[in-house]
Amino acid sequence: MRLYLGVSGAITMLEPADFRRLDILVDPQINGRLEGAIARIGRREGEGHVWLHPQILRFLSGHAGEAEWEAGFAGMLAYAAKAGFTNDEGLVRAHLAWVEDRELVSTDDFKAAMRALPAGIAAITTMDGDRPAALIVSSLTSISAEPPMIGFFVNESSSMAAKLLGAQKFVANVLGHEHQGLVQTVLSQPQGKARFADGIWADGHAAMPVLQDAVAAMECDIVHNWRLGTHRLFVGLIRSAKSRTGANPLVNFGAGIRRLQLEEQA
């Protein structure tokens with residue numbers, strides 16, 4: 001059983017059914033975020049070990065409640081107790097192990113590659129108390145149809161990240177050709193009502209701003225969020241959705257906003 005503290009900031013479990021060992025693999029690229037990651041799962045013991053709560057291991061395994069897995073897990077804890085690897089609080093000790101250093105692509109090469117990926121453009125809107133807030137993203141993506149969920153990424157330094165965490169709701173407004181002016185307004189104006197000077201807006205659920213002529217508009221409750229590297233992933237459960245046919249969407253390609261013209265089929 002191995003936990004992995006990756007450079008992205010995510011904590012995952014590898015080999016959840018291997019009960020012969022318990023260690024924590026650390027990506028050397030995690031840099032100054034190691035202590036924060038450890039604090040999310042347990043507490044340090046010196047340089048080489050961490051005390052973990054068994055319930056955290058059970059949760060991360062994805063197998064909690066399965067009879068065979070639970071039997072193996074109980075056997076591992078019993079062995080750890082006999083060997084002196086547990087404490088009076090019932091915590092179990094895990095060994096810290098460093099992943100061999102590996103080369104990562106440069107930031108410039110990463111950005112160059114991502115510029116070759118066409119992506120739709122959406123205005124994410126929410127409410128900051130009684131003030132509307134908006135952000136332009138090209139990371140909106142479908143996650144699931146059952147239940148219906150979508151997601152997008154926001155830089156942790158963005159003024160929008162804290163507002164989304166506070167509101168726990170958003171609207172994803174997919175943009176078309178006629179919304180190029182709206183994009184420039186949102187990108188250039190300070191956060192608040194000034195970003196809504198362009199476009200036909202109306203109140204949706206919980207007064208969330210909905211673009212009335214959006215290619216598609218999806219009102220969502222935030223059900224998950226994770227910090228991954230410099231960004232935070234927000235996942236929304238869709239409460240309502242509307243779309244219009246025959247629209248020509250905007251796309252982000254080659255570090256610029258492009259028009260995608262749909263051709264009629266004969």
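**Close-up 1. Buried and exposed residues of helix 6 in the predicted model.** In this predicted model, helix 6 spans residues 180-188, and the residues L182, V183, T185 and V186 in this helix are buried. When one looks down the axis of helix 6, the buried residues fall within an arc of 165 degrees, so they line one face of the helix. On the other side of helix 6, by contrast, L187 and S188 are exposed. A general point helps in reading this view: an α-helix has 3.6 residues a turn, so residues three or four places apart point the same way.

**Close-up 2. An open sheet of six strands.** The strands of this sheet follow the order 2-1-3-6-5-4, and their pairing is mixed. At the edges lie strand 2 (11-14) and strand 4 (42-45), each of which pairs on one side only. On average, and with direction ignored, neighbouring strands of the sheet are turned by 30 degrees against each other.

**Close-up 3. The pairing of strand 1 with strand 3.** Strand 1, made of residues 2-5, and strand 3, made of residues 23-26, pair in the parallel sense over four bridges. Within this pairing, L3 has I24 in strand 3 as its bridge partner.

**Close-up 4. Helix 1 and helix 2 lying across strands.** Helix 1 (residues 34-41) lies across strand 1, strand 2, strand 3, strand 4, strand 5 (49-52) and strand 6 (92-98), and runs at about 120 degrees to strand 4. Helix 2 (residues 54-61) lies across strand 1, strand 2, strand 5 and strand 6, and runs at about 80 degrees to strand 2.

Conventions:
Residues are numbered from 1 along each chain as its sequence is written. This is a predicted model: local features need pLDDT of at least 70, side-chain atom pairs count only at pLDDT 80 or more; totals for chains, interfaces and linings use all residues. Side-chain values use heavy atoms; hydrogens and water are left out. Buried means under 20% relative accessible area, exposed over 50%, partly exposed in between (1.4 Å probe, protein chains only). Helices (H or I, at least four residues) and strands (E, at least two) are DSSP runs, numbered from the N terminus. The arc is that of the directions from the helix axis to the C-beta atoms. Two strands pair if DSSP finds at least two bridges between them. Axes are lines fitted to C-alpha atoms, for helices over the stretch in contact, and angles run from 0 to 180 degrees between N-to-C directions. Contact means heavy atoms within 4.5 Å.
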